[in-house]
Amino acid sequence: MRLTEPTLHADRLLVLLRQIVGTPHVLVAPHATAPYTKGYRFGSGKVRAVIRPRTLVEFWRVAELCVAADQIMIVQAANTGLTGGSTPDGNDYDRPVILINTRRLRGMHLLGGGRQVICLPGTTLHKLETTLARHGREPHSVIGSSCIGASVLGGISNNSGGALVQRGPAYTEMALFGRVTADGRLELVNRLGVKLDSDPVKALARIESGAFSKDEIEWLDAKGHDDRYVGHVRDVEADTPARYNQDKARWFDASGCAGKLIVFAVRVDTFPAEKNSQVFYVGTNSTAALESLRRHLLTAYDEVPIAGEYMHRDAFRIAEAYGRDTVALIRYAGTRAIPRLFAAKAWLDDFFSGMSFLPENLTDRLMQKIGRFLPNQIPEKMRVFEQRFEHHLMLRVSAALSPKVQAHLETLTAKGEGGQEGIGWFACTEDEGKRAFLHRFAAAGAALRYRSVLGHKAGKIVALDIALRRNDAQWFEKLPKALDARIEHKLYYGHFLCHVMHQDYVLKPGESAEDVEHEMLKLLDTRGARYPAEHNLGHLYKAGEEILSHYRDLDPCNCLNPGIGRSTRKRDWRAELV
């Protein structure tokens with residue numbers, strides 16, 4: 001029997017939740033819940049409480065209680081999502097919302113000498129990367145292809161992509177998860193490939209502690225990553241994108257569930273770390289030349305490059321002006337310190353927000369001023385290319401592939417200053433290569449910093465995450481004059497070999513972001529593009545019927561994050577998800 005609202009009073013529910021996780025980890029005051037209920041870039045709303053369980057058993061008992069009390073659950077890990085999917089959106093939900101933050105549920109267990117790893121909900125990609133490095137291996141995504149602080153389970157749940165061409169979107173067929181049945185019960189499903197007790201409490205306690213033997217680990221045919229992706233992305237004549245969020249080929253239990261399941265653990269593949277890789281920096285003024293190079297790199301060799309990151313000249317300049325401190329922090333403080341520094345920034349933002357006498361976005365303004373006194377972070381060769389070329393490609397290849405790629409690049413030397421048809425390039429030193437990719441990484445947050453610093457002098461931001469067709473020769477966007485006139489800055493960057501583009505538009509003051517985005521999406525539809533490519537639907541994108549049906553199967557009672565796929569442009573969202 002479900003403990004509906006009349007049966008279980010709100011105060012009684014909070015008492016029971018405090019008994020499970022402890023009073024300090026049941027947050028109800030607005031100033032305490034704010035860091036969890038406001039999205040990194042989008043989304044915010046009120047919740048009844050934010051719960052921070054310490055163990056998987058606590059997590060299970062919290063979820064079990066919320067299901068019995070008919071509360072909406074939003075399960076959140078790092079809250080780094082760009083489309084608001086890990087926070088509430090607005091205050092018009094039909095039931096109270098309980099947000100469960102899983103950052104305290106950290107831990108991992110290496111299997112087979114590190115060939116695979118079991119990750120708990122709070123495990124970050126950064127922590128996994130540093131742990132695997134000691135074993136000469138890498139996770140699916142590494143720094144520069146994902147947000148600092150992002151979680152492993154968040155990537156799996158959202159089929160997140162990344163810069164690494166050979167590995168495709170985050171995916172696994174091995175997970176331990178809870179789901180709400182049609183009759184309103186929470187049940188535990190074990191497809192982790194580890195023999196566990198049928199009792200959920202005992203099973204979760206064992207998986208968290210790692211109290212299972214080698215004999216209890218099953219090595220099945222279930223996949224720990226999308227091993228089909230290399231062949232998929234090589235098909236450069238296909239009339240569909242290589243990867244995008246609503247591709248049903250990559251939905252499997254936790255993979256692509258978008259928070260419609262309660263995921264307690266996932267088991268994923270790891271990869272041998274690349275040694276002595278080579279970075280080539282490529283510049284051109286010809287979109288056709290860059291597309292020709294892309295096709296060659298994907299089809300001409302036995303292996304594909306490790307990464308191929310694109311950045312337009314305008315994004316280069318904005319990143320240099322508004323992302324210098326980000327690059328410097330990572331270079332000088334190291335990636336280990338960055339999550340703590342960003343957490344401290346979030347705390348300060350919340351602290352200063354209540355002081356009306358201080359300017360908005362104070363921490364961003366201070367960091368921007370500090371950045372002006374830092375030495376230039378961009379290698380001189382890149383600065384020369386910024387003057388010569390409109391389009392920039394950072395290409396990382398293995399030591400074995402490097403001589404072949406260099407030989408091909410030597411045949412494509414730019415024709416004259418600026419190279420209207422050909423390309424310019426140089427082989428990076430190790431330091432130049434690191435700084436090139438860090439500069440590209442900084443571009444992802446540069447538009448936000450720009451608007452934070454300029455305040456009301458700058459217009460709103462429209463941020464699109466799109467997947468172009470694999471055979472799309474006209475990959476570079478050309479906007480109608482009337483639409484282009486409404487935009488102050490267009491910032492293009494992305495995972496070029498996969499034809500996944502991130503396009504940020506800083507509008508002129510007074511322009512409607514909603515109207516501009518409507519026009520943008522119409523143009524993308526005519527081009528056969530799909531969106532979002534790797535950030536999930538969140539609250540920004542409207543879900544198609546196929547994925548809505550998938551969500552109903554995962555969560556027939558509509559208990560878990562019912563706002564996913566609602567789209568702020570369409571307010572009658574509840575009927576779609578019931």
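**Hairpin, cores and ring contacts in a predicted model**

In the hairpin made by β5 and β6, four residues sit between the strands, and glycine 112 takes a positive phi near 60°. The structure is a predicted model, so none of this comes from an experiment. The two strands, β5 at residues 108-111 and β6 at residues 116-119, run antiparallel to each other and pair over four bridges. Across the hairpin, leucine 110 faces valine 117 of β6.

Turning to the interior, the largest nonpolar core takes in 59 residues. Tyr310, Val405, Leu464, Trp475, Tyr505 and Met520 are the ones with the most contacts inside that core. Take methionine 520: leaving out residues up to four places away in sequence, methionine 520 touches Leu464, Glu477, Leu479, Leu483, Ile487 and Tyr505. A separate core of 41 residues lies apart from the largest one, and its members include Leu13, Leu14, Cys66 and Leu196. In soluble globular proteins, nonpolar side chains do tend to be buried together.

Aromatic rings come next. The model holds 15 aromatic pairs. One of them joins phenylalanine 385 and phenylalanine 389, an edge-to-face pair with 5.0 Å from centre to centre and 65° between the planes. Phenylalanine 385 and phenylalanine 389 are both buried. Tyrosine 531 and tyrosine 541 make a tilted pair, because their planes meet at 40°, with the ring centres 5.9 Å apart. Both tyrosines belong to the loop between α17 (513-526) and α18 (545-554), so their pairing ties together parts that are ten residues apart in sequence. Tyrosine 531 and tyrosine 541 are buried too. Elsewhere, Tyr310, Trp475, Phe476, Tyr492, Phe496 and Tyr505 come together as one aromatic cluster. Of these, Tyr310, Trp475 and Tyr505 also appear in the list of best-connected residues of the largest core.

Some rings have a charge for company. Arginine 115 places its charged end over the ring of tryptophan 219, 4.2 Å from the ring centre. Likewise, the charged end of arginine 396 sits over phenylalanine 437, at 5.0 Å from the centre of that ring.

Finally, there is aspartate 226, found in the loop between α6 (200-209) and α7 (229-234). Aspartate 226 counts as buried because its relative accessibility is 1%, against a cut-off of under 20%. Its side chain makes a polar contact of 3.1 Å with the side chain of arginine 228. Setting aside neighbours within four places in sequence, aspartate 226 is also in contact with Arg167, Pro169, Tyr171 and Arg250.

Notes
Residues are numbered from 1 along each chain as its sequence is written. This is a predicted model: local features need pLDDT of at least 70, side-chain atom pairs count only at pLDDT 80 or more; totals for chains, interfaces and linings use all residues. Side-chain values use heavy atoms; hydrogens and water are left out. Rings of Phe, Tyr and Trp (its six-membered ring) pair if their centres lie within 6.5 Å; planes under 30 degrees apart count as stacked, over 60 as edge-to-face and the rest as tilted. Buried means under 20% relative accessible area, exposed over 50%, partly exposed in between (1.4 Å probe, protein chains only). A charge sits over a ring if NZ of Lys or CZ of Arg is within 6 Å of the ring centre and within 35 degrees of the ring normal. Two strands pair if DSSP finds at least two bridges between them. A nonpolar core is a set of buried Ala, Val, Leu, Ile, Met, Phe, Trp, Tyr and Cys residues joined through side-chain atoms within 4.5 Å. Contact means heavy atoms within 4.5 Å. A polar contact is a pair of N or O atoms within 3.5 Å; within protein, one must be able to donate a hydrogen and the other to accept it, and residues adjacent in sequence count only if both atoms are side-chain atoms.
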